[in-house]
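Hi,

Here is the structure I promised to pass on. Have a look at it first, and my notes follow underneath.

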Amino acid sequence: EKNIKIKHNKMTSQVSLKHLLFVLFLCFSLFIALSLQKQSDDDDDDNDDDNGRVYVKDEENIKREELKLEEEEKKKESKPKKPRKPLDKVKIRVKKRPSECFRKAKIGDTVTFHYKGYILHPNGEKEKFDDTFNEKPLSILLGRKTIVDGAEKGIKGMCIGEERQIKIPADHGYGEYEIKGQDATIPPNADIEFYVQLVDIQNFEQQRKDAGIKEDELDKQIEAEINQEELLKILENAEIIND
């Protein structure tokens, strides 16, 4: 019996020890798991703080850039424009050249074109006085002096589809006259600029020859048409008096 009791006590103590070790293992595992969870939460909090700080920095940078742009715009507006020297000759600059050019505009051609007209003020500002790009284009006979001399010089040699910038001094423009434009009035002795887009070129010389009309007869016909138009204008503006 003694031996049985001793063996029983030994077995009981061994079981108790195993239980104790198992409980300790569980406690240790739980402790490790809680520690890892806390570390993860702390890391998330740090990341949130970092993201928040980055977001705040981004907002500050955007505001700083916006303020910088506003200051630059104010400086540009407040900065006086450089005075412009008066033009001494017609200046022509090709802004767009077509890929193909079958013929160039010359004296005697009827040219059709769109244009924008600008007043070149002495203080460096540019003011638009006319624009046909949203309207019907203008058609003229080159060499008939139906437009200012500087514009004719600038259009000569253009191809269909070509665009040119033509800067014209006052003596090749409207001179000492004040001209009322669509959007603004051109003051006397003003330099002007035209932006021209050539739409079409027509030459009726061959048609005239085919019809057997001599050049001097054609001139008389044109003059007669002009005189007829002037007469109609006079009649429109005339005051009719009835006796």
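Let me start with E72: its relative accessibility is 38%, so this residue counts as partly exposed. One thing to keep in mind for everything below is that this is a predicted model. E72 sits in helix α1, and it has company. Together with E65, E66, E70, E71 and E73, E72 makes up a patch of negative charge on the surface.

There is a nonpolar patch on the surface too, formed by F22, V23, F25 and L26. Together these four residues have about 410 Å² of accessible area. L26 is a residue of helix α1, and with a relative accessible area of 44% it is partly exposed.

Now for the overall layout. The protein has four helices and eight strands. Read from the N terminus, the order is α-β-β-β-β-α-β-β-β-β-α-α. Of the 243 residues in the protein, 22% are buried.

On to the salt bridges, of which the structure holds eight. Here are the ones I looked at.

D191 and R84 pair up through their side chains, at 3.1 Å from N to O. This pair connects distant parts of the chain, with the two positions 107 residues apart: D191 belongs to strand β8 (residues 191–202), while R84 is in the loop between α1 (2–78) and β1 (91–96). How buried or exposed are the two partners? D191 comes out at 6% relative accessibility, which makes it buried, since the cut-off for that is under 20%. R84, at 24%, counts as partly exposed.

K126 and E193 form another salt bridge, with their closest N and O atoms 3.3 Å apart. This one also links distant parts of the chain: K126 is in strand β3 (residues 126–131) and E193 is in strand β8, 67 residues apart. K126 is partly exposed at 46% relative accessibility, whereas E193 is buried at 2%.

Then there is D109 with R103, whose side chains meet in a salt bridge at 3.4 Å, N to O. D109 is buried, with a relative accessible area of 0%, and R103 is partly exposed at 31%. What else is tied in here? K106 joins R103 and D109 in a network of salt bridges.

The disulfide count comes to one. The cysteines are C101 and C159, with sulfur atoms 1.9 Å apart. Which hand does the disulfide have? The torsion about the S-S bond of C101 and C159 is about -90 degrees, so the disulfide is left-handed. The two cysteines come from distant parts of the chain, 58 residues apart: C101 is in the loop between β1 and β2 (110–120), and C159 is in the loop between α2 and β5 (163–168). As for accessibility, C101 is partly exposed at 37%, while C159 is buried at 5%.

Last, some backbone angles you may want to look at. K145 is not a glycine, yet it has a positive phi of about 60 degrees. You will find K145 in the loop between β4 (138–141) and α2 (149–155). K145 is exposed, with a relative accessible area of 56%; the cut-off there is over 50%.

N189 is another non-glycine with a positive phi, about 55 degrees in this case. N189 is in the loop between β7 (185–186) and β8. With a relative accessible area of 55%, N189 is exposed.

To have the main points in one place:

- Salt bridges: eight in the structure, including the one between D191 and R84 and the one between K126 and E193.
- Disulfide: one, between C101 and C159.
- Surface patches: a negative one that includes E72 and a nonpolar one that includes L26.
- Positive phi outside glycine: K145 and N189.

Over to you, and shout if anything is unclear.

Cheers

Terms used: Residues numbered from 1 in each chain as written. Predicted model: local features only at pLDDT ≥ 70, side-chain atom pairs only at ≥ 80, totals over all residues. Heavy atoms only, no water. Buried < 20%, exposed > 50% of the residue type's maximum accessible area, 1.4 Å probe, protein only. Patch = residues over 30% accessible without salt bridge, like charges linked within 9 Å, V, L, I, M, F, W, Y side chains within 5 Å. Areas by Shrake-Rupley, 256 points an atom, 1.4 Å probe, with all protein chains shown as cover. Lys, Arg positive; Asp, Glu negative; His and termini not counted. Charge placed at Lys NZ, Arg CZ, Asp CG, Glu CD. Disulfide = S-S within 2.5 Å.
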